[in-house]
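This report examines how charged, aromatic and nonpolar side chains are arranged in one protein chain. Please keep the sequence and the structure in view while reading.

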Amino acid sequence: MTRNPNMREAILSAAELLFSTRGFNAVSIRDIALEAGANPGSITYHFKSKDGLLLEIYKRHCGPMNKRRIELLVAARRVRDIQDRLEAIVRAYVQPAFSSSSDLAGGGARFTRLRAVMSAEGNAVVGRIIAEIFDDTTNAFIDAIAESLPHLPRTTIVWRSQFLLGALYYTLVNPERVTRLSRGEADGADMAEAIEQLVSATVASLQASDVDHIIDGASRRAKPVQPRVVAAVRKRKESPTD
């Protein structure tokens, strides 16, 4: 049984690669050991289980990212102008996703792909890991946005934060689509441009009218006609004096 720290890193890298391409459920400890050039016993020695291995992958990527997000959030909340503050808060969330973990094997994009695959699987183990790693930081951002947009219900901010997460995933995982659809006029791999576009779109989304207000307004503009009103109109049409 090896205690070589390099083997531990090889196992982490192999697991991250396999999880990001096949998902969590379809990958076995034996698959990971084969990819890493290890034996299955070394995986259980270092991580105890496949669940423990996935948790460690999240921790090594998200620890630095969450730490940087909170550092930037603290600075953003000190911005006096409310518009500039909101932009700074959103940027504090977005920017570390592009820069953190880039020095690790596979970089940030591969881990983002893994996160997207894990979320899509709906695995209970993955759900617990995601909650443990992200919920505290995410709630801090939601609260900061709510302070900048006090007229919006917190539930609306939660919805729009969820949309930001989806946009962030796709921007990191599939940058070549931007290049293709723009016919080469935009470079999807340009991280600085991607960050600014994502921040701008998210701020606009957050500042949009609340959906309940829109629905209420539409309901008032398109009230259903009462049956007695319809009958009265029909009677006037049928009357020879009309």
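## Salt bridges

The structure, which is a predicted model, contains nine salt bridges. Side chains of opposite charge can pair when their charged atoms come close. Three of the bridges are set out below.

| Salt bridge | N to O distance |
|---|---|
| Glu-9 and Arg-60 | 3.0 Å |
| Asp-31 and Arg-22 | 3.8 Å |
| Arg-91 and Glu-196 | 2.7 Å |

Glu-9 belongs to helix α1 (residues 5-22) and Arg-60 to helix α4, so their bridge ties together parts of the chain that are 51 residues apart in sequence. Glu-9 is partly exposed, because its relative accessible area is 38%. Arg-60, by contrast, has a relative accessible area of 14% and is therefore buried. These two residues are also members of a network of salt bridges in which Glu-9, Glu-16 and Arg-60 are linked.

In the bridge between Asp-31 and Arg-22, Asp-31 is partly exposed at 25% relative accessible area, and Arg-22 is partly exposed at 46%.

The bridge between Arg-91 and Glu-196 links distant parts of the chain: Arg-91 lies in helix α5 (residues 82-99) and Glu-196 in helix α10, 105 residues apart. Arg-91 counts as partly exposed at 25% relative accessibility, and Glu-196 counts as partly exposed at 39%.

## A buried arginine without a salt bridge

Which side chain of opposite charge is nearest to Arg-115? It is that of Asp-135, at a distance of 9.5 Å. A salt bridge requires a nitrogen and an oxygen within 4 Å, and Arg-115 has no salt bridge although it is buried. Arg-115 is part of helix α6 (residues 107-121). Apart from residues up to four places away in sequence, Arg-115 touches Tyr-58, Met-65, Phe-134, Leu-165 and Tyr-169.

## Aromatic pairs and charges over rings

Two of the residues touched by Arg-115, Tyr-58 and Phe-134, also take part in an aromatic cluster, which they form together with Phe-111. The structure holds five aromatic pairs. In one of them, the ring centres of Tyr-58 and Phe-111 are 5.2 Å apart and the planes stand at 80°, so the pair is edge-to-face. This pair links distant parts of the chain, with Tyr-58 in helix α4 and Phe-111 in helix α6, 53 residues apart. Both Tyr-58 and Phe-111 are buried.

Tyr-58 forms an edge-to-face pair with Phe-134 as well, with 6.4 Å from centre to centre and 80° between the planes. Here Tyr-58 in helix α4 is linked with Phe-134 in helix α7 (residues 124-148), 76 residues apart. Tyr-58 has a relative accessible area of 1% and is therefore buried; Phe-134 is buried too, because its value is 6%.

Charged side chains also lie over aromatic rings. The charged end of Arg-69 sits over the ring of Tyr-93, 3.7 Å from its centre, and Lys-50 lies over the face of Phe-24, 4.2 Å from the ring centre.

## The nonpolar core

In soluble globular proteins, nonpolar side chains tend to be buried together. The largest nonpolar core in this model comprises 59 residues, and those with the most contacts inside it are Phe-19, Ile-32, Leu-54, Tyr-58 and Val-94. Helix α4 (residues 50-76) supplies the largest share of this core, 10 residues.

What surrounds Ile-32? Leaving aside neighbours within four places in sequence, Ile-32 is in contact with Ile-11, Ala-14, Ala-15, Leu-18, Phe-19, Val-27, Ile-43 and Leu-53.

## Loop residues

Most residues other than glycine have a negative phi. Lys-48, in the loop between α3 (40-47) and α4, has a positive phi near 70°. Lys-48 is exposed, because its relative accessibility is 73%. Arg-183, in the loop between α9 (176-181) and α10, likewise has a positive phi, of about 55°. Arg-183 has a relative accessible area of 77% and is therefore exposed.

Ala-208 lies in the loop between α10 (191-207) and α11 (211-221) and is partly exposed, with a relative accessible area of 33%. Beyond its neighbours within four places in sequence, Ala-208 is in contact with Leu-152 and Arg-160. Ala-208 and Leu-152 are 56 residues apart in sequence, and their C-alpha atoms are 9.4 Å apart in space.

Terms used:
Residues numbered from 1 in each chain as written. Heavy atoms only, no water. Helix = DSSP H or I, 4+ residues; strand = E, 2+ residues; numbered from the N terminus. Buried < 20%, exposed > 50% of the residue type's maximum accessible area, 1.4 Å probe, protein only. Lys, Arg positive; Asp, Glu negative; His and termini not counted. Contact = heavy atoms within 4.5 Å. Core = buried A, V, L, I, M, F, W, Y, C linked by side-chain atoms within 4.5 Å. Phe/Tyr/Trp six-rings, centres within 6.5 Å; stacked < 30°, edge-to-face > 60°. Lys NZ or Arg CZ within 6 Å of the ring centre and 35° of its normal.
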